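This report is meant for a reader who has not seen this protein model before. Please keep the sequence and the structure at hand while following the text from one region to the next.

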Amino acid sequence: METATHVVGIQAFIAVSAITDLTPDWHPSPNFGPRRDGATPRLIVVHYTAMKDCQAALRTLCNPENEVSAHYLIDTSGQVFQMVQEEDRAWHAGAGRWGDICDVNSSSIGIELSNCGFSPFAARQMNALELLLSGIMTRWNIPPEGIIGHSDMAPGRKIDPGARFDWQRLARQDLAVWPKPGKPAGKAQFCADLAAFGYRTDVEFDVLLDAFRLRFRPSARGRDLEVEDQALAAGLTSHPSLA
């Protein structure tokens, strides 16, 4: 008769094996280059494709005329395609910035999710993303706060992975950060808290607020900074790895 401890042990072994055994389908893109100035991945940037289906996204990301790519693409079925080796620089982040990182492409790994931008993300797709994130974070020693959305690093220019993406699900597994509310302290401190987390604050305040809310308060309405915004921003830097 199996004991509860034995069952838990088997489940843990299966989980680790699944992460180890995640083997993406190799579908090379010509759109890549070397990472600049000896940079290594410090971030993982999550995108959605906003295209008809995964095959259309593959064609776009592998077409040399488009000059765009990502390291990985995950279909709604959970199938994972790899287009660029992790050691190389894919072209997915554009001119965005995060913290002290100005060349995000050279310091990140890009993951595209096949999604129109307005639909929930499929369960199998999220399961595959979690396995992929866990493996990448381990290989490159990337902490949870290094998992960001395209909208985080390009406020006002990009909105993916969008309001339907479940950041709290990732945070529950330590695959991203979700803040515990802190003490509200006004607009200046709100901006300081976002800057400390990584957001660029040299943009219009409305743009910064929209980018923050898109990830942490997607149901918020109105143009005024609210107590809830301030409280969540205050909690952003309380994660153990940011303390």
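The side chain of Ser69 has a polar atom that lies 2.5 Å from the backbone oxygen of Asn31, and the side chain of Ser69 also reaches the backbone nitrogen of Trp91, at 2.9 Å. These values, like the others in this report, come from a predicted model. Ser69 sits in the loop between H2 and E4, and with a relative accessible area of 1% Ser69 is buried, because a residue counts as buried when this area is under 20%. Apart from its neighbours within four places in sequence, Ser69 is in contact with Ser29, Asn31, Leu61, Val84, Ala90, Trp91 and His92.

Helix H2, which spans residues 54–61, comes before this loop. At the N-terminal end of H2, Asp53 acts as a cap, with a side-chain oxygen 3.3 Å from the backbone nitrogen of Gln55. The buried residues of H2 are Cys54, Ala56, Ala57, Leu58 and Leu61, and these residues pack against E4, strand E5 (80–82) and E7. Leu61 therefore belongs to the buried residues of the helix and is also one of the contacts of Ser69, if the under 20% limit for burial is applied.

In soluble globular proteins, nonpolar side chains tend to be buried together. In this model the largest nonpolar core has 24 residues, and those with the most contacts inside this core are Ile111, Leu129, Leu133, Ile147, Phe165 and Leu170. Two or more residues of this core come from each of strand E3 (43–48), strand E4 (72–74), strand E7 (108–113), helix H3 (123–140) and helix H5 (167–172), and H3 supplies the largest share, with seven residues. Which residues does Ile111 touch, not counting those up to four places away in sequence? They are Ile44, Val45, Val46, His47, Tyr72, Ile74, Leu129, Leu132, Leu133 and Ile136. A second core, separate from the one just described, has 23 residues, including Leu43, Tyr199, Leu209 and Phe212.

The surface of the model also holds open spaces, and two of the pockets are set side by side in the table.

| Pocket | Volume | Lining residues by class |
|---|---|---|
| Largest pocket | about 390 Å³ | nine nonpolar, eight polar, four charged |
| Second largest pocket | about 220 Å³ | 10 nonpolar, four polar, three charged |

The lining of the largest pocket is made of 21 residues, and those nearest its centre are His47, His92, Glu112, His150 and Lys158. Two or more of the lining residues come from each of E3 and H2, and H2 gives the most, with three residues. Two of the residues nearest the centre have already appeared above, since His47 is touched by Ile111 and His92 is in contact with Ser69, where contact means heavy atoms within 4.5 Å. The second largest pocket is lined by 17 residues, and the closest to its centre are Arg42, Leu43, Trp98, Ile101 and Glu145. Leu43 also belongs to the second nonpolar core.

A few places in the backbone deserve a separate look. Most residues other than glycine have a negative phi, and most peptide bonds are trans. Against this background, Ala50 has a positive phi, near 55 degrees, and Asp174 likewise has a positive phi, near 60 degrees. Ala50 is found in the loop between E3 and H2 and counts as partly exposed at 49% relative accessibility, whereas Asp174 lies in the loop between H5 and helix H6 (186–197) and is also partly exposed, at 44%. The peptide bond that joins Asp160 and Pro161 is cis, with omega about 10 degrees, and Pro161 has its place in the loop between helix H4 (150–153) and H5.

Helix H5 itself contains Gln168, a residue that is partly exposed, with a relative accessible area of 39%. Gln168 and Arg215 are 47 residues apart in sequence, and their C-alpha atoms are 9.7 Å apart in space.

How values were computed. Residues are numbered from 1 along each chain as its sequence is written. This is a predicted model: local features need pLDDT of at least 70, side-chain atom pairs count only at pLDDT 80 or more; totals for chains, interfaces and linings use all residues. Side-chain values use heavy atoms; hydrogens and water are left out. A nonpolar core is a set of buried Ala, Val, Leu, Ile, Met, Phe, Trp, Tyr and Cys residues joined through side-chain atoms within 4.5 Å. Buried means under 20% relative accessible area, exposed over 50%, partly exposed in between (1.4 Å probe, protein chains only). Helices (H or I, at least four residues) and strands (E, at least two) are DSSP runs, numbered from the N terminus. On a 1 Å grid over the protein atoms alone, a cavity is a set of points where a 1.4 Å probe fits but cannot get out, and a pocket is an open set with protein on both sides within 12 Å along at least five of seven lines; lining residues have an atom within 4 Å of a point. Grid points are joined across faces, edges and corners, and a volume is the space filled by probe spheres set on the points. Ala, Val, Leu, Ile, Met, Phe, Trp, Tyr, Cys and Pro count as nonpolar, Asp, Glu, Lys and Arg as charged, and the others, Gly among them, as polar. A polar contact is a pair of N or O atoms within 3.5 Å; within protein, one must be able to donate a hydrogen and the other to accept it, and residues adjacent in sequence count only if both atoms are side-chain atoms.
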